[in-house]
Amino acid sequence: MEKMKVFMRQMVGLTLIMFVMLLPAIKSAKAASQPQYGGVLKIIDVSEGAQAIGAPWEVLGIDTKLQKPVVEKLLREDIKGNYHPWLATGWKIDQAKNTITLSLRKGIKFHDGTDFNAKAAKWCMDQGIKANVVKGFLSVDVVDDYTVRINVDKYQNNFLNYLSSSYGGGMVSPTAFEKKGVEWARWNPVGTGPFKFVSYERGNKLTFTRWDGYWIKGFPYLDGVEYLFIRDPMTQQAAMRASGAEKVQVLCVTSGEQAAMMKAQGFEVLTMPIGPVSLIPDSNNLDSPLSKKKVRQAVSYAINREAIVKARGFGFWSAANQIPSPDNLGYAKNLPLGQYDPKKAKQLLAEAGYPNGFKIKIIVMPAMVDRDAMVAVQRFLGEVGIQVELEFPDGGGYTAYRWKNGWHNAFLAQHTRMLATTNITYNFYWQEITGQWPSLKRTEGLLDKLGTSLKTVTPEDAKMQELTRMMAEDIMIIPIYYIYEMYVVQPNVHDTGYCEWSATTVNTPEKTWLSK
């Protein structure tokens, strides 16, 4: 009995010793599971860092991501297309009167100390209407200090998407524009977000610092956010492996090769499907070979999509023959587009009047389109007699082709991003009112059918599939491969929201934190 008592005392003592020894580790694990304050999040993104970001209605393409720490929207949209209150606390749609009434959150200030209210919200939305980037919005009325009413042409089921986007629902201080001038305000964003703008070195670095006056008490956790515009993959990887203040915490990539390499090195890789890379022809130019349907068909038959995916996807890509992926409503099964048949391609070229082929250019979108994949496309087209010159412009040069100057005897190799629904995607890309794709001929009847599809109470799969099939039948564009947006993150990065939200929201910078 006495031996048993001694044994029990020894066991209790040993347990206490072990508990004391493990206590620091327990405390550390508990601390790591709870948000901590401090630190600067360094991000290398696919954005170019070339555009002014202070006027949301002017920012085009992937540079909209750079606004997220400073410019907030009226609503947030998640990856499934659901809408969440943000600067607006609620909304009421009246289809009979063609109005959307928004209730705005009270007690919010812009970084310059001025109030966010109905007058400010109206001013911002008015700029989007004037810029023709919110098709269907006619005017905005101030109902009271914290209520606005949007008058629309006719109800469309993508209008809430506008309010979650930078160009339709991004809120910046009207006072900054009035007092500092338009040019200053375009390059010095003044929003309501968790971080204030500090500096912007175009093509090099964009810096934000914590705003202590943020409207959600206790947020943000970070001291700042810094975007670095580094294009070279080797330099990107070195930055992720650096130590101390030079270390980068988040790297956004679309390269399957790079993602696979970083994953093999032990980094976490968050992934989200974002649509295909496609060839956009200058079909609106009647003297271009690409204005002929048989030529576009020949180009599609000439490309071995599966070979490109196998060589360059590293398990992250898949072959594409339409913009929606198989998991999206609007995906059309059994489309003939996408087959590899070089013999058929040569036959179609001869029938179109080009038995010996022709010369053409492919202008490659920076950051989002894999160069080696386009080299492969160049080789496949060369095998059927189409001689391709590749052009790799910077972000500004590519944007000019896409939105302003157009292109001639050429394709744009463009990442056509799949948004929350197929309706929203097609409306963003193919509407002519925005001036996007000046050299692309839209399939006859497509925009009328799109208008019909947008007017249903909720998006209907059958109508969206019809749009997909119309585009495929006409070979309006030529999808090649689906890519994923991939975020390589350090193990101490938490609650970013990446891959949980749609392209209009992207992430949740106010919630992001770094464990020590």
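This is a walk through a predicted model, from its open pockets to its closed cavities, its nonpolar core and a few single residues.

Let us start with the open spaces. The largest pocket has a volume of about 1000 Å³. Its lining is made up of 48 residues, and those lying nearest the centre of the pocket are Leu60, Gly61, Ile62, Trp403 and Phe428. If you would like to trace the walls by secondary structure, look for helix 3 (159-164), helix 4 (166-169), helix 13 (395-405), strand 18 (410-415) and helix 14 (422-430), each of which supplies at least two lining residues. Helix 13 gives the most to the lining of the largest pocket, with eight residues. In chemical terms, the lining of the largest pocket divides into 22 nonpolar, 16 polar and ten charged residues.

The second largest pocket comes next, with a volume of about 750 Å³. It is lined by 39 residues, and the closest to its centre are Ile79, Asn328, Leu419, Ala420 and Thr421. Here the elements that each supply at least two lining residues are helix 3, strand 14 (268-281), helix 14 and strand 19 (478-489). Strand 14 gives the most to the lining of the second largest pocket, with four residues. You may recognise helix 3 and helix 14 from the largest pocket, and both supply residues here too. By class, the lining of the second largest pocket has 23 nonpolar, 13 polar and three charged residues.

Now for the closed spaces. The structure holds three cavities of 30 Å³ or more. The largest cavity has a volume of about 90 Å³. Around the largest cavity sit Lys68, Val71, Glu72, Lys73, Leu75, Arg76, Trp86, Pro194, Thr505, Asn507 and Pro509. Strand 2 (72-73) and strand 3 (75-77) are the elements that give two or more residues to the lining of the largest cavity. What is the chemical make-up of the lining of the largest cavity? The residues are five nonpolar, two polar and four charged.

The second largest cavity holds about 70 Å³ of space. Its lining consists of Asn321, Gln322, Ile323, Leu337, Tyr426, Thr468, Met471, Ala472, Met476, Ile477 and Pro479. Helix 16 (residues 461-474) gives the most to the lining of the second largest cavity, with three residues. The lining of the second largest cavity has eight nonpolar and three polar residues, with no charged residues.

From the cavities we can move to the packing. In soluble globular proteins, nonpolar side chains tend to be buried together. In this model, the largest nonpolar core has 153 residues, and those touching the most other members are Leu74, Leu279, Ile362, Met374, Trp430 and Tyr481. Strand 19 gives the most to this core, with eight residues. Leu279 is a good place to zoom in. Leaving out residues up to four places away in sequence, Leu279 touches Val299, Ile303, Ile362, Met374, Val377, Phe411, Leu412, Ala413, Ile477, Ile478 and Ile480. Two of these partners, Ile362 and Met374, are named with Leu279 among the core residues that touch the most other members.

Polar residues deserve a look as well. Ser300 belongs to helix 9 (residues 293-302). Is Ser300 buried or exposed? Ser300 counts as buried because its relative accessibility is 3%. Beyond its neighbours within four places in sequence, Ser300 is in contact with Arg305, Leu337, Gly338, Gln339 and Ile478. Gln127, in helix 2 (residues 118-130), counts as buried too, since its relative accessibility is 15%. From Gln127 to Gly168 is a step of 41 residues in sequence, yet their C-alpha atoms are 8.7 Å apart in space.

Finally, some backbone details in the loops are worth a visit. Pro220 sits in the loop between strand 11 (205-210) and strand 12 (224-228), and the peptide bond from Phe219 to Pro220 is cis, with omega near 0°. Phe314, in the loop between helix 10 (305-312) and strand 15 (318-319), has a positive phi near 50°. With 37% relative accessibility, Phe314 counts as partly exposed. Val506 has a positive phi as well, near 70°, and lies in the loop between strand 20 (493-494) and strand 21 (513-514). Val506 is buried, with a relative accessible area of 9%.

Note on methods:
Residues are numbered from 1 along each chain as its sequence is written. This is a predicted model: local features need pLDDT of at least 70, side-chain atom pairs count only at pLDDT 80 or more; totals for chains, interfaces and linings use all residues. Side-chain values use heavy atoms; hydrogens and water are left out. On a 1 Å grid over the protein atoms alone, a cavity is a set of points where a 1.4 Å probe fits but cannot get out, and a pocket is an open set with protein on both sides within 12 Å along at least five of seven lines; lining residues have an atom within 4 Å of a point. Grid points are joined across faces, edges and corners, and a volume is the space filled by probe spheres set on the points. Ala, Val, Leu, Ile, Met, Phe, Trp, Tyr, Cys and Pro count as nonpolar, Asp, Glu, Lys and Arg as charged, and the others, Gly among them, as polar. Buried means under 20% relative accessible area, exposed over 50%, partly exposed in between (1.4 Å probe, protein chains only). A nonpolar core is a set of buried Ala, Val, Leu, Ile, Met, Phe, Trp, Tyr and Cys residues joined through side-chain atoms within 4.5 Å. Contact means heavy atoms within 4.5 Å.
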